[in-house]
Amino acid sequence: MDMAAMWQCNWQSLATICTDGTDGVKWGHAKGGTVTHVAEHVAPADEAVAGLTSFQPRGDHFIGIDSDGCVFDAMEIKHKECFIPATIKCWHLQAVSSLVRETAEFVNLYSDGRGLNRWLALLRVFDLLAVRPEVAQRGVRVPAGTTLRRFVASGFPLSGAGLRDYAALHPDPELDSALRWTDEVDERIADMVHDVPPFAGVRESLAAASAVADLMVVSATPVDALSREWAEHDLAGYMDLIAGQEAGTKGRHLELAAKGTYADDHILLIGDAPADRDTAAAAGVLFYPINPGSEADSWRRFRDEALDRFLTGSYAGPYQDALLAQFTALLPTTPPWRV
Ligand SMILES: [Mg+2]
């Protein structure tokens with residue numbers, strides 16, 4: 001197996017683990033502008049199920065909408081100004097900083113790994129860096145990620161809290177570094193990421209969609225951050241429900257709130273990551289891509305074409321297929337450098 005194939009194989013096995021969804025659920029009801037429930041801690045699973053399954057439809061069409069990189073222009077600043085500097089610092093990769101930057105940008109922003117959980121993405125960055133000849137030439141040793149992989153495979157939630165709990169049971173210096181890294185990322189995000197606006201055309205699209213469909217935020221971001229962001233930009237009022245990271249997976253959101261309540265071809269997921277596309281496919285529902293780099297055009301197209309097709313039953317088939325082909329071509333599996 002060549003390196004690219006091995007890397008892809010490893011990543012797929014990690015991504016499978018990622019979709020197991022062991023987290024509880026937090027949610028916020030936002031229609032009318034007021035968030036009525038934001039849990040401080042991960043809720044028990046039965047409460048989570050009740051929160052999403054008790055959702056009452058207003059109509060017969062449902063649209064789930066991702067947040068980061070889809071509605072808000074937050075991906076670039078989070079990765080370029082927060083994740084990447086923390087990675088260089090906490091993993092002692094200063095001597096290859098430009099290679100770390102290039103590799104991490106590819107993994108998190110410009111490849112099919114876009115939107116991947118931070119731990120899975122970090123391991124992918126390590127794996128790609130480890131086989132770059134320039135790294136070896138500079139005498140830099142990339143972390144093996146051995147204990148991080150054990151954590152990822154452990155079934156513990158793939159969050160900072162999950163790692164903390166795991167590390168308490170399995171102390172290891174690499175996990176100490178990982179905790180410093182994730183805390184530093186969060187501190188940098190808290191310090192740096194604010195006043196990030198929605199993409200052009202989002203508001204008009206949400207206004208049009210909320211008049212004809214039930215809308216839910218379907219996101220892997222913590223629900224308190226979601227509720228704050230959506231309210232700050234006066235978008236929460238368009239949404240019937242906000243479901244966040246604590247629900248485990250976006251697929252679970254769809255399963256609990258939409259599947260069986262609406263016809264499959266009356267359920268649409270809007271997202272900016274291949275995992276969003278795959279979530280929709282696995283759930284047997286429709287997907288509308290927000291193309292990275294062309295977000296405003298994507299939202300304009302949604303409002304001008306796709307929404308009406310979704311409502312009139314002409315979305316699935318050649319129209320959706322063409323959108324998916326264009327989206328997939330933007331986010332390759334193989335890096336632009338030789339592997
Ligand atoms: Mg996204």
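Which residues of helix α11, residues 223-232, are buried? They are V223, L226, S227, E229 and W230. Directly after α11 comes D234, with a positive phi near 60°. I shall return to backbone angles of this kind after describing the overall model and its strands.

Please bear in mind that this is a predicted model. The average pLDDT over the chain is 86, and 85% of the residues score at least 70. Residues 1-45, however, have pLDDT below 50, and beyond near neighbours in sequence this stretch makes 91 contacts in the model. The chain contains 15 helices and six strands. Of its 339 residues, 46% are buried. Among contacts with a separation of 6 or more, 70% link residues 24 or more positions apart.

Let me turn to the strands, beginning with β5. This strand covers residues 267-271, and five of its five residues are buried, so the rest of the structure largely encloses it. The burial applies to both faces: I267, L269 and G271 are buried on one side, L268 and I270 on the other.

What are the partners of β5? Strand β2, residues 62-65, runs parallel to β5 and is joined to it by four bridges. Within that pairing, I65 stands opposite I270 of β5. Strand β6, residues 286-289, also pairs with β5 in the parallel sense, again over four bridges. Here G271 has P289 of β6 opposite. The connection between β5 and β6 involves helix α13, residues 274-283, and the three elements form a right-handed β-α-β unit.

Moving to β2, we find that F62 and G64 point one way while I63 and I65 point the other, and all are buried. Besides its pairing with β5, which is parallel, β2 pairs with β3, also in the parallel sense and over four bridges. The bridge partner of G64 in β3 is M216.

The next element is helix α10, residues 202-210, whose buried residues are V202, S205, L206 and A209. Viewed down the helix axis, these buried residues of α10 fall within an arc of 95°, so they line one face of the helix. They pack against β2, against β3, residues 214-218, and against α14.

That brings us to the nonpolar cores. In soluble globular proteins, nonpolar side chains tend to be buried together. In this model the largest nonpolar core has 53 residues, and those with the most contacts inside it are L215, V217, M239, A243 and L268. Helix α14, residues 295-312, contributes the largest share of this core, namely five residues. Another core lies apart from it, with 36 residues, including A86, V96, W119 and V125. L268, listed for the largest core, is one of the buried residues of β5 described earlier.

I should like to add one residue from a helix, L129, which is located in α5, residues 118-130. Is L129 buried or exposed? It has 23 C-beta neighbours inside 10 Å and therefore counts as buried. Leaving aside residues up to four places away in sequence, L129 touches L99, V100, T103, V135 and V142. Its C-alpha lies 9.5 Å from that of R141, a residue 12 places away in sequence.

Finally, I return to the backbone angles. Where are H92 and D195 placed? H92 sits in the loop between α3, residues 75-90, and α4, residues 97-108. D195 sits in the loop between α9, residues 173-192, and α10. H92 is not a glycine, yet its phi is positive, at about 55°. D195, likewise a residue other than glycine, has a positive phi near 55°. H92 has 12 C-beta neighbours inside 10 Å and so counts as exposed. D195 has 6 such neighbours, and therefore counts as exposed.

To close, I would draw attention to three points. β5 pairs in parallel with β2 and with β6, and both of its faces are covered. The buried residues of α10 pack against β2, β3 and α14, and α14 gives the largest share of the largest nonpolar core. For residues 1-45, the contacts in the model should be read together with a pLDDT below 50.

How values were computed. Residues are numbered from 1 along each chain as its sequence is written. This is a predicted model: local features need pLDDT of at least 70, side-chain atom pairs count only at pLDDT 80 or more; totals for chains, interfaces and linings use all residues. A residue is buried if 20 or more other C-beta atoms lie within 10 Å of its own, exposed if 12 or fewer, and partly exposed in between; C-beta atoms are placed from the backbone. Helices (H or I, at least four residues) and strands (E, at least two) are DSSP runs, numbered from the N terminus. Two strands pair if DSSP finds at least two bridges between them. A crossover is right-handed if, with the strands pointing away from the viewer, the path from the first strand over the helix to the second runs clockwise. A nonpolar core is a set of buried Ala, Val, Leu, Ile, Met, Phe, Trp, Tyr and Cys residues joined through C-beta atoms within 7 Å. The arc is that of the directions from the helix axis to the C-beta atoms. Two residues are in contact if their C-beta atoms, placed from the backbone, lie within 7 Å. pLDDT is the predictor's confidence in each residue, from 0 to 100.
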